[in-house]
Amino acid sequence: MSVPARSSPSPLDVLNPIPIWKKEFQGYTRTRFLQDLLAGVTVGIVALPLALAFGVTSGAGAAAGLITAIVAGLVASTFGGSRFQITGPTGAMTVVLLPVIAQYGLSQVFVIGMLAGFLLIIASLLRLGRAVHLIPWPVVTGFTNGIAIIIALQQLPAALGLPVPRGEGILLTSFEVLRTFLGAFHPAPLVLTAVTATIMLAWPRVTTRVPGGIVALITVTGISLALSLDVPRIGLIPAGLPLPHLPALDLTALPSLFSAALAVAVLAGLESLLSAVVADGMTRSVRHVPDRELFGQGLANIVAPLFGGIPATGAIARTAVGVRSGGQTRLTGIIHALFLLMVVLLLGRAAALIPLSVLAGVLLVTALRMFETHAWQALRCSTRSDFFTMLTTLAVTVAFDLILAIEVGLALAGVLFIQRMMRSLQLEEMNVTDDAPSDADLALLRDRVLAYRVEGPLFFGVAGRFLESLTATREVDVVILRLRRVQHLDASGAQALEGIHRELRGHGVTLLLSGVQPQPLALLTRMRLLDALTTDQHHLFKTTPQAIKHAWSHVQRRALQVNAG
C-alpha cells in the first residue's frame, strides 16, 4: 500500500495560528500556567525600565517605549512562531530610529513602522525566515558588539544631564556632549548614573529573584527625590493607552520612506530570528517557526504605530529572562505585556518622576552585558579573516549604520570565503604507470599522457586559475582529469572545463574524464556540455585505470600515424 505524498504547506498557512496554538496548549495544566504567570511578571519587571529607557533614547519618549512593549509584545506573542519570544523596543532598533526621527520627524516613524510591518509579512509569505542562518557568525558578532557600543554612547547626554545635540553621527555627537559637559560641570546626573549601574552590577550577589534593574530604578529615583536633586526627569506619561488611529500619511513621501522602512524591517526580522534561535538553544525542546515569527513581528509593527508605538523586535535579553524564569508557552509574553499595561494604568504618575540619568545607568549596564566578550576572544583566536570581518562589521556599525554594516560584513565574508575555497582546490599530477595496461610502453605512456587528481569545489572563484593551470601543459597526446573528489561544480566551473577541452583540442590533445560525481554530472548534462566534453560519453570513465587504458590506445594510434608519416 503506497503512502500518499505529503503536500508542502501553503505560504498562506502562516496566517492561521490556530493549529500551532492547539499543539502548544495540548495538555496545558494549572502548574504550567503558574510557571507562565511567574515568568511573565518577572519579564515585565525587567522590561519596565528598558521600555522606558529605549523609548527615551529613540527620541520618541518614554510613553512610546511602554506602548510598544505592551502592544507589540501582546501581538507578537500571540501570532509569532516562537513560544518564548518577548517583543518590545530594543537597543538595536533605537540605533536605527534616532537618525530616522531626526530626518523624517516622529510622525513619519509611525508610517515607517507600519511599512516595515507589511514588508515583514511579505517576507514571511515568501518563506525568507531561514535566511538568518546564512549570515556568518563574525558578521553577527561585529553587528551585536557595534550596537552595544552605540547604545553606551547614546547614554552620554542623559548620564551627564545634557540635551541630545543635533547630528546623525554618534561619534561626533558624543564628542560634542563631552566637550559641553567639561565646559559646564554638573555632577549630580553622573553620580545617579554611576549609582544605578553599581546597584545593577552588584545586586545579583544579593539575590537573583528580584531584577537589579527595578531595584536600581526605585532606589535611585527615591534618592533623587529625597535630596531634591535638580536633574532631568521622564515627565508626564499617559495613564492608559491612547485610542488607535492611523498616522498622517503623505503618499508622495512613501518612496523616500521606503528605504528607512526596509532598514527597519531587515533589522526587526534579523534580531527577532536571532532571539528565537537563542531561545531554542536555551530550551532544547521546541524549535521556532521562522516564517511565522516574521509574520508575528510584522503584525506587531503594523498594530503598535496605531497606538503611538515605535518599531519593535524580539528582545534577546528579555526572552532569555523568560526562559530562565520557567516560561512554558507564549502566555509568558502575553502576561508580560498585560503587566506593563497595569503599570501604566496604576503607576504612570510615579514613573514620570524617574530621572533620565537612572535610565542611562540601566542601559549602560545593558550595553556592557550585550557586548560579547567571549565571542570576541574566540574570533581573535580563530582565523585572521574571520576576526577582520568582525572588526570591520563593528567599525561600520558604529561609524555609519547597521544595514550598511550587514551589507559590508556579508560582502567581506563572501570574498574571504571565496579566497579560502580558491586555496582549497588542489591539482595533483598522478603517476600513470601505476595503473598502466600490461602491454603498455611505460616510458612512452609517461611521456605522452598526463593525469591530474582534482580535489575541491570547482566554481567561479577558482575556474580561471584551473583553466590556466591545465592549458599550460607540456606537449602530450592525452590529459586525464580524475574528478572523484570534486563534489560541487557550478556554471563557471563547467565553462572552465569546456574551455580546457576546447584549448586542448586545438593543440590536438584528447581530454578524458574519470570518476565524475552525480552533481557535476547532472549539471554538465543540463547545460548540454557533457556530450561535447566527452565525445558523446566515449571519453567518460568510472575509474582512472579505465581512462589510462583508453589513453594508451590513443598513444598507440598516434605513434602509428607518426611512424607512417
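What separates glutamate 498 and arginine 502 in helix H21? About one helical turn does, because the two sit 4 residues apart in that helix. They form a salt bridge, with the closest N and O atoms 2.4 Å apart; the term stands for a side-chain nitrogen of Lys or Arg within 4 Å of a carboxyl oxygen of Asp or Glu. Arginine 502 comes out as partly exposed, at 45% relative accessibility. Here buried is under 20% relative accessible area, exposed is over 50%, and partly exposed is whatever falls in between (1.4 Å probe, protein chains only).

A word on the ground rules. The model is predicted, so local features need pLDDT of at least 70 and side-chain atom pairs count only at pLDDT 80 or more, while totals for chains, interfaces and linings use all residues. Numbering runs from 1 along each chain as its sequence is written, and side-chain values use heavy atoms, with hydrogens and water left out. Helices (H or I, at least four residues) and strands (E, at least two) are DSSP runs, numbered from the N terminus.

Back to H21, which covers residues 491–506. Its 16 residues reach 22 Å from the first C-alpha to the last, close to the 22 Å expected at 1.5 Å a residue; that expected span is 1.5 Å times one less than the number of residues. At the N-terminal end, aspartate 490 acts as the cap, placing a side-chain oxygen 3.2 Å from the backbone nitrogen of serine 492. At the other side, H21 is followed by glycine 508, with a positive phi near 75 degrees. The buried residues in H21 are Gly493, Ala494, Ala496, Leu497, Gly499, Ile500, His501 and Leu504. Arginine 505, also in H21, counts as exposed at 54% relative accessibility. Its C-alpha is 9.9 Å from that of aspartate 477, a residue 28 places away along the chain.

Aspartate 477 has a salt bridge of its own, to arginine 448, with 2.8 Å between the closest N and O atoms. This pair links distant parts of the chain, 29 residues apart: aspartate 477 is in the loop between helix H20 (460–470) and strand E5 (478–485), and arginine 448 is in helix H19 (residues 442–448). Both aspartate 477 and arginine 448 are buried. Arg558 joins in too, with Arg448, Asp477 and Arg558 linked in a network of salt bridges.

Across the whole structure, the search turns up 7 salt bridges. Another one pairs the side chains of arginine 330 and glutamate 24, at 2.8 Å from N to O. Arginine 330 is in the loop between helix H13 (316–324) and helix H14 (331–351), while glutamate 24 belongs to helix H1 (residues 18–24), so the pair ties together parts that are 306 residues apart in sequence. Arginine 330 and glutamate 24 are both buried.

Elsewhere, histidine 288 is in the loop between H11 and helix H12 (290–303), and counts as buried at 11% relative accessibility. Its side chain makes a polar contact of 2.6 Å with the side chain of aspartate 280. A polar contact is a pair of N or O atoms within 3.5 Å; within protein, one must be able to donate a hydrogen and the other to accept it, and residues adjacent in sequence count only if both atoms are side-chain atoms. Leaving out residues up to four places away in sequence, histidine 288 touches Gly81, Ser82, Leu273, Ala276, Val277 and Asp280, where contact means heavy atoms within 4.5 Å.

Threonine 193, in helix H9 (residues 187–202), is buried with a relative accessible area of 4%. Apart from neighbours within four places in sequence, threonine 193 is in contact with Ala159, Ser357, Ala360, Gly361 and Leu364.

Two residues that are not glycines still show positive phi. Arginine 528 has a phi of about 60 degrees; this residue is in the loop between helix H22 (518–526) and helix H23 (530–533) and is exposed, at 77% relative accessibility. For aspartate 536 the phi is about 55 degrees. Aspartate 536 is found in the loop between H23 and strand E7 (540–541), and is exposed with a relative accessible area of 54%.
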